[in-house]
Amino acid sequence: MIAVILLTVPLLIMLCVLAYRLATYAVPFMLALETVLFAYATGAGWIGAGIVGFFAGVAAFGILAFLFATLRAPILRVAVALIFAAPAAVAGYALLHGVTREAVPSEIWRQIFCVAGGIFVGCSALARLANPSISDQDR
């Protein structure tokens, strides 16, 4: 039993790190997923729908990153940043809600942890968008 607990903690930490790193790509992933579902529903088949979804996700990320890099008006940059950060914040909130559902008995403290995690993940997605070299420093 102790071995399972000791193994669970590092695995949970690795899951949180993975979610933190992938939260930046929440918008392109969801757009790609919806494109796959639409393409499959229109008769493209799984392989064709997968190819269409892949290119839709790559194009969405490329366009949004390009817009963020080239726009000079602060209000437009904030709008593009919110398009990236809002779904990442929701994903961070949902991840912490799932992790703390059984571990934190108080609903108030669970919501405090979830909101703080959502804010943290949203801000980290915003920081990764503003400075893409942050993810390259880890390698």
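**Close-up views of a six-helix predicted model**

The secondary structure of the protein consists of six helices and zero strands, and the coordinates shown are those of a predicted model.

**View 1. The fold as a whole, read along the sequence as α-α-α-α-α-α.** The C-alpha trace of the protein spans about 45 × 40 × 35 Å along its principal axes. Of its 139 residues, 24% count as buried, and the accessible surface comes to about 9,200 Å², with carbon and sulfur atoms contributing 79% of that area. Among the contacts in the protein with a separation of 6 or more, 52% are made by residues that stand 24 or more positions apart.

**View 2. The crossing of helix H4 (residues 74-100) with helix H5 (residues 107-130).** The axes of H4 and H5 come within 7 Å and cross at roughly 145 degrees, and the crossing is right-handed. By class, the residues in the contact of H4 with H5 comprise 14 nonpolar, seven polar and one charged.

**View 3. Residues that meet where H4 and H5 are in contact.** From H4, the participants are Ala-81, Phe-84, Ala-85, Ala-88, Ala-89, Gly-92, Tyr-93, Leu-96, His-97 and Thr-100. On the H5 side they are met by Arg-110, Gln-111, Phe-113, Cys-114, Val-115, Gly-117, Gly-118, Val-121, Gly-122, Ala-125, Leu-126 and Leu-129. Glycine is present on both sides of this contact, with Gly-92 in H4 and Gly-117, Gly-118 and Gly-122 in H5.

**View 4. The aromatic pair of Phe-54 and Phe-55, one of three found in a search of the whole structure.** The rings of Phe-54 and Phe-55 are arranged edge-to-face, with 5.5 Å from centre to centre and 70 degrees between the planes. Both Phe-54 and Phe-55 are exposed.

**View 5. The aromatic pair of Trp-109 and Phe-113.** The arrangement of these two rings is tilted, with 6.0 Å from centre to centre and 40 degrees between the planes. Trp-109 and Phe-113 both belong to helix H5, where they lie four residues apart, about one turn of the helix. Phe-113 has a relative accessible area of 40% and is therefore classed as partly exposed, a value that falls between the limits of 20% for buried and 50% for exposed. Phe-113 is also among the H5 residues that meet H4, and Phe-113 thus appears both in this aromatic pair and in the helix contact of View 3.

Methods:
Residues are numbered from 1 along each chain as its sequence is written. This is a predicted model: local features need pLDDT of at least 70, side-chain atom pairs count only at pLDDT 80 or more; totals for chains, interfaces and linings use all residues. Side-chain values use heavy atoms; hydrogens and water are left out. Axes are lines fitted to C-alpha atoms, for helices over the stretch in contact, and angles run from 0 to 180 degrees between N-to-C directions. Helices (H or I, at least four residues) and strands (E, at least two) are DSSP runs, numbered from the N terminus. A crossing is left-handed if the near helix is turned anticlockwise from the far one by less than a right angle, and right-handed if clockwise. Contact means heavy atoms within 4.5 Å. Ala, Val, Leu, Ile, Met, Phe, Trp, Tyr, Cys and Pro count as nonpolar, Asp, Glu, Lys and Arg as charged, and the others, Gly among them, as polar. Buried means under 20% relative accessible area, exposed over 50%, partly exposed in between (1.4 Å probe, protein chains only). Accessible areas come from the Shrake-Rupley method with a 1.4 Å probe; for residues, only the protein chains shown count as cover. Rings of Phe, Tyr and Trp (its six-membered ring) pair if their centres lie within 6.5 Å; planes under 30 degrees apart count as stacked, over 60 as edge-to-face and the rest as tilted.
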